[in-house]
Amino acid sequence: MVNGRLPALFRVGPSLATLDRDYARAGRVDSAAPVQARHQVAVAAPPGQVFALITDVAGWPRWFPAVEGVELSPGPLRPGSEFRWRNGKNRIRSTVATLIPGQEISWTGVCSGARAVRRHLLTETADGGTLLTVEESMSGLLLTLFYDSDRLQRATGAWLEALQAIAERGWRDGFQPGQSGSSVPA
């Protein structure tokens, strides 16, 4: 099995500029990446509310405690906006690629040499809720020695469970997206 893992182990993947232009902005992840995840969840909240939570980057630690140390470029979130954050021990630098209010936010990111594309797609359901799909691909030299698709799938599932819970709670306990100032203007 070692021989089957060698190509994945040494796959660096496209540059960040290529991931941004040819993948995230083109509405896709890198299907050749050795680490990939796709997860879907039905959220009993309108797409605008779910989108507000996702785009309030500075507010992520309030509902997903694994995220810390969020730093944003000044101004409203838009394509080209950069943000830095920690997820556990991992320091991540991300750049927004696509931002369509209520429908999609995608970004590229780099962490310890690994490069990723992450897409959040929101579709309004017949009952006014949201079908939220998250796709992510990651490549990087030696990445598969310590990270794989199963682990990414679990991490994506945990993110979606927390997002679903806060969105469906209707921001009880005074939670309102945008209080941190990083969300997209209405």
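Let's start at serine 112. Serine 112 sits in the loop between β5, residues 104–111, and β6, residues 114–124. Keep in mind that this is a predicted model. Is serine 112 buried or exposed? Serine 112 counts as exposed, because its relative accessibility is 67% and the cut-off for exposed is over 50%. Its backbone deserves a look too. Serine 112 is not a glycine, yet it has a positive phi of about 50°.

There is another residue of this kind. Leucine 142 has a positive phi of about 70°, and leucine 142 is not a glycine either. Where does leucine 142 lie? Find the loop between β7 and α5. Leucine 142 has a relative accessibility of 34%, so it counts as partly exposed.

Stay in that loop for leucine 145. β7 covers 130–139, α5 covers 149–168, and leucine 145 is found in the loop between them. With a relative accessible area of 55%, leucine 145 is exposed. Now look across the chain. Leucine 145 and leucine 9 are 136 residues apart in sequence. In space, their C-alpha atoms are 6.9 Å apart.

Which residues form the nonpolar patch on the surface? Phe10, Val12, Leu141, Leu142, Leu145 and Phe146. Together they have about 580 Å² of accessible area. Both leucines we just visited, Leu142 and Leu145, are in that patch.

Next, the strands. Strand β2, residues 67–72, runs antiparallel to strand β3, residues 82–87. How many bridges join β2 to β3? The count is 4. For a concrete position, take glutamate 71, which stands opposite arginine 84 in β3.

β3 also pairs with strand β4, residues 90–100. This pairing is antiparallel as well, over 6 bridges. Here, glutamate 82 has threonine 95 in β4 as its bridge partner. β3 and β4 make a hairpin with 2 residues between the strands. Glycine 88 in that hairpin takes a positive phi near 65°.

On to the aromatic rings. The structure holds 9 aromatic pairs. One of them is tryptophan 63 with phenylalanine 64. Their centres are 6.3 Å apart, with 55° between the planes. Why is this pair called tilted? Because 55° is neither under 30 degrees, which would be stacked, nor over 60, which would be edge-to-face.

Are tryptophan 63 and phenylalanine 64 buried or exposed? Tryptophan 63 is buried, at 7% relative accessibility. Phenylalanine 64 is buried too, with a relative accessible area of 10%. The cut-off for buried is under 20%, so both values qualify.

These two rings belong to a cluster. Trp60, Trp63, Phe64, Phe83, Trp85, Trp107 and Trp159 form one aromatic cluster. If you want to place them, Phe83 and Trp85 fall within the residue range of β3, 82–87, and Trp159 falls within that of α5, 149–168.

Helix α5 is also the place of alanine 158. Alanine 158 is partly exposed, at 34% relative accessibility. Its link is back to phenylalanine 64. Along the chain, alanine 158 and phenylalanine 64 are 94 residues apart. Their C-alpha atoms are separated by 8.8 Å.

One last stop, a charge over a ring. Which residue lies over the face of tyrosine 23? Arginine 28 does, at 4.2 Å from the ring centre.

Notes: Residues are numbered from 1 along each chain as its sequence is written. This is a predicted model: local features need pLDDT of at least 70, side-chain atom pairs count only at pLDDT 80 or more; totals for chains, interfaces and linings use all residues. Side-chain values use heavy atoms; hydrogens and water are left out. Rings of Phe, Tyr and Trp (its six-membered ring) pair if their centres lie within 6.5 Å; planes under 30 degrees apart count as stacked, over 60 as edge-to-face and the rest as tilted. Buried means under 20% relative accessible area, exposed over 50%, partly exposed in between (1.4 Å probe, protein chains only). A charge sits over a ring if NZ of Lys or CZ of Arg is within 6 Å of the ring centre and within 35 degrees of the ring normal. Patches are made of residues with over 30% relative accessible area and no salt bridge: like charges are joined within 9 Å, nonpolar side chains (Val, Leu, Ile, Met, Phe, Trp, Tyr) within 5 Å. Accessible areas come from the Shrake-Rupley method with a 1.4 Å probe; for residues, only the protein chains shown count as cover. A salt bridge is a side-chain nitrogen of Lys or Arg within 4 Å of a carboxyl oxygen of Asp or Glu. Two strands pair if DSSP finds at least two bridges between them.
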